Amino acid sequence: MNFFNKIFTSKKEEEHAMAELNIGIILGSTREGRVSPQVAQWVKEIANQRGDANYTIIDIADYKLPLLGEAGQDASGAQAWSEAIAKQDGFVFIVQEYNHSITGALKNALDYLREEWNNKAAGIVSYGSVGGARAAEHLRGIMGELLIADVRVHPALSLFTDFENGTDFKPKAVQAESVNQMLDQIIPWSKALYTIRS
């Protein structure tokens, strides 16, 4: 194969891969009565209308991930968790604020892996009494250590204005535009970072 064929073949392979980006929408809570599934489904519905990636909801509650390093626990879900995250090219984290930070379950799930997170892009959709802003800022620091490139646009949902009775998710119309702006940043970053990993 000559030099030009290699260039054009590589370009075609890259375009094919980029057309099939996988973006995982990760639920950051496992507690009973959580509202994150409602938020994730809303994000997925908005994202699916774009046609620019394969969007999948990933629920950490579906994996057996006891406290990392705790003796005698069943960590049989760790391999499946690794495989699910490794397949993704980028992420949207659905983050709820607990005591000014992210949940212990999300931190634990992040800590289980290393290379699976590296050189991928992510956005944050947070909620809480102040839009989950403090949890989002904590998550940004963790993502930096895991070599996840987080984007600037950050949909912040208020428990007072985007939820009824703190449980029924009814976002203001402006929030959907914020999600699209976030995805407008995640997609090109995911494409760019794909070239680093390939």
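These are my notebook entries on two helices, α4 and α5, and on one residue of a third helix, V179, in a predicted model.

**Entry on α4.** I began with helix α4, which runs over residues 104–111, and I looked up which of its residues are buried: they are L106, N108, A109 and L110. I then asked what these buried residues pack against, and I found α3 (78–86), β3 (90–96) and α5 (133–145).

**Entry on α5.** Since α5 had turned up as a partner of α4, I turned to α5 next. I noted that α5 has 13 residues and that the distance from its first C-alpha to its last is 19 Å, which is close to the 18 Å expected at 1.5 Å a residue. The buried residues that I listed for α5 are A135, A136, L139, R140, I142 and M143. Looking for what covers them, I found that the cover includes β3 and α4, together with β4 (120–128) and β5 (148–150). I also checked what comes after the helix, and there I noted L147, whose phi is positive, near 60°.

**Entry on V179.** My last look-up was V179, a residue of helix α6, which spans residues 173–197. Is V179 buried or exposed? I wrote down that V179 counts as buried because its relative accessibility is 0%, and the cut-off for buried is under 20%. Leaving aside residues up to four places away in sequence, I found that V179 touches W42, V43, I46 and P155. For one of these, V43, I also looked up the separation: V43 and V179 are 136 residues apart along the chain, and their C-alpha atoms are separated by 7.0 Å.

Conventions
Residues are numbered from 1 along each chain as its sequence is written. This is a predicted model: local features need pLDDT of at least 70, side-chain atom pairs count only at pLDDT 80 or more; totals for chains, interfaces and linings use all residues. Side-chain values use heavy atoms; hydrogens and water are left out. Buried means under 20% relative accessible area, exposed over 50%, partly exposed in between (1.4 Å probe, protein chains only). Helices (H or I, at least four residues) and strands (E, at least two) are DSSP runs, numbered from the N terminus. Contact means heavy atoms within 4.5 Å. The expected span of a helix is 1.5 Å times one less than its number of residues.
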